[in-house]
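Visitor: I'd like a quick tour of this one. Can you take my questions as we go?

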Amino acid sequence: MSDDFEVHGPHDHAVEHAGAHDSDPSAARMAVMTAILASIGAMTSYQSGTNENLALYYKNEAAIHKTEAANQWAYYQAKGEKQNLAELGAALSTSSSDSHAHFVSEAARYKSEKEPIRVHAEAIEKEVDKDNATSEALFHQHHRWAQATTLIQISIALTAITLLTRKRWLRRVSIGMGALGVALCAAAFLGV
């Protein structure tokens with residue numbers, strides 16, 4: 001047999017003709033849309049996870065700072081109690097005794113030591129508030145990324161069903177879901 005001569009059957013011609021001339025030209029566009037949405041969906045899924053991890057990190061930092069602030073306030077309170085005991089000792093001792101002078105100086109020392117502790121505790125509490133606010137903002141953004149990912153995945157699934165059923169209304173729904181998913185992606189990117 002010669003390599004130059006090939007006989008085609010009627011079914012070969014029908015398969016080649018159907019492949020070359022698809023009856024629905026929008027199928028190729030929907031396949032491209034699916035590939036683009038899958039790429040965007042992968043990025044939104046990654047960003048959603050990143051934002052969630054960062055939000056948890058800042059929430060953890062807030063908890064650590066809250067504990068540190070509570071420790072500072074306990075230290076402040078302990079100094080206050082020592083100051084009160086020194087003032088009580090000064091009140092109960094005779095004003096001319098050495099113990100009275102000692103108690104008065106101790107009360108003054110504890111009073112002066114309390115102020116920097118209070119300032120430090122309040123500064124730590126501001127860090128707690130800042131970390132909590134950052135965490136909340138990141139969680140909000142995470143939810144937007146997750147919503148975008150979900151809508152994009154639904155759009156991809158609807159596109160597959162559309163390609164099988166060739167329903168025009170389903171194509172519109174699929175494109176609408178994809179557009180809404182991309183809009184939520186933009187909102188998440190902008191932090192809205």
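What follows is a short round of questions and answers about this predicted model.

Visitor: What pattern does the protein chain follow along the sequence?
Guide: Start with the inventory: the protein chain has 4 helices and 0 strands. Read along the sequence, that gives the pattern α-α-α-α.

Visitor: How much of the protein chain is made up of buried residues?
Guide: A residue counts as buried when its relative accessible area is under 20%. Of the 192 residues in the protein chain, the buried share is 30%.

Visitor: Are H2 and H3 roughly parallel or antiparallel to each other?
Guide: Their axes come within 5 Å and cross at roughly 165 degrees, and the crossing is left-handed. Angles over 145 degrees count as roughly antiparallel. H2 and H3 are therefore roughly antiparallel.

Visitor: And H2 with H4, roughly parallel or antiparallel?
Guide: Here the packing angle is about 30 degrees, with the axes 11 Å apart. H2 passes H4 in a left-handed crossing. Since angles under 35 degrees count as roughly parallel, the verdict for H2 and H4 is roughly parallel.

Visitor: Which residue forms a salt bridge with Glu113, with the closest N and O atoms 2.5 Å apart?
Guide: A search of the whole structure finds 6 salt bridges. In this one, Glu113 sits in helix H3 and its partner in helix H2, so the pair ties together parts that are 34 residues apart in sequence. Glu113 is partly exposed at 24% relative accessible area, whereas the partner is buried at 9%. That partner is Lys79.

Visitor: How far apart are Arg109 and Glu113 in helix H3, counted in residues?
Guide: Arg109 forms a salt bridge with Glu113, the closest N and O atoms being 3.0 Å apart. Arg109 is partly exposed, with 33% relative accessibility. About one helical turn separates the two, and the spacing is 4 residues.

Visitor: What about Arg118: which side chain does it meet in a salt bridge?
Guide: The N to O distance for this pair is 2.8 Å. Both residues lie in helix H3, about one turn of the helix apart. Arg118 is partly exposed at 23%, and the partner is partly exposed too, at 32%. The partner is Glu122.

Visitor: Which residues do salt bridges that share partners join into one network?
Guide: We've already met two links: Lys79 with Glu113, and Arg109 with Glu113. The network is made of Lys79, Arg109, Glu113 and Glu106.

Visitor: How much accessible area do Leu85, Leu88 and Leu92 have together?
Guide: Take Leu85, which is in helix H2, residues 26–92. Leu85 is exposed, with a relative accessible area of 59%. Leu85, Leu88 and Leu92 form a nonpolar patch on the surface, and together they have about 350 Å².

Visitor: Which residue other than glycine has a positive phi near 60 degrees?
Guide: Look in the loop between helix H3 (98–165) and helix H4 (168–190). The residue there is partly exposed, at 40% relative accessibility. It's Arg166.

Visitor: How far apart in space are Ser39 and Ile152, C-alpha to C-alpha?
Guide: Ser39 lies in helix H2 and is partly exposed, with a relative accessible area of 43%. In sequence, Ser39 and Ile152 are 113 residues apart. In space, C-alpha to C-alpha, the separation is 9.9 Å.

Note on methods
Residues numbered from 1 in each chain as written. Predicted model: local features only at pLDDT ≥ 70, side-chain atom pairs only at ≥ 80, totals over all residues. Heavy atoms only, no water. Patch = residues over 30% accessible without salt bridge, like charges linked within 9 Å, V, L, I, M, F, W, Y side chains within 5 Å. Areas by Shrake-Rupley, 256 points an atom, 1.4 Å probe, with all protein chains shown as cover. Salt bridge = Lys/Arg side-chain N within 4 Å of Asp/Glu carboxyl O. Buried < 20%, exposed > 50% of the residue type's maximum accessible area, 1.4 Å probe, protein only. Axes fitted to C-alpha atoms, helices over the stretch in contact; angles between N-to-C directions. Parallel < 35°, antiparallel > 145°, perpendicular 65-115°, else oblique. Left-handed = near helix turned anticlockwise from the far one by under 90°.
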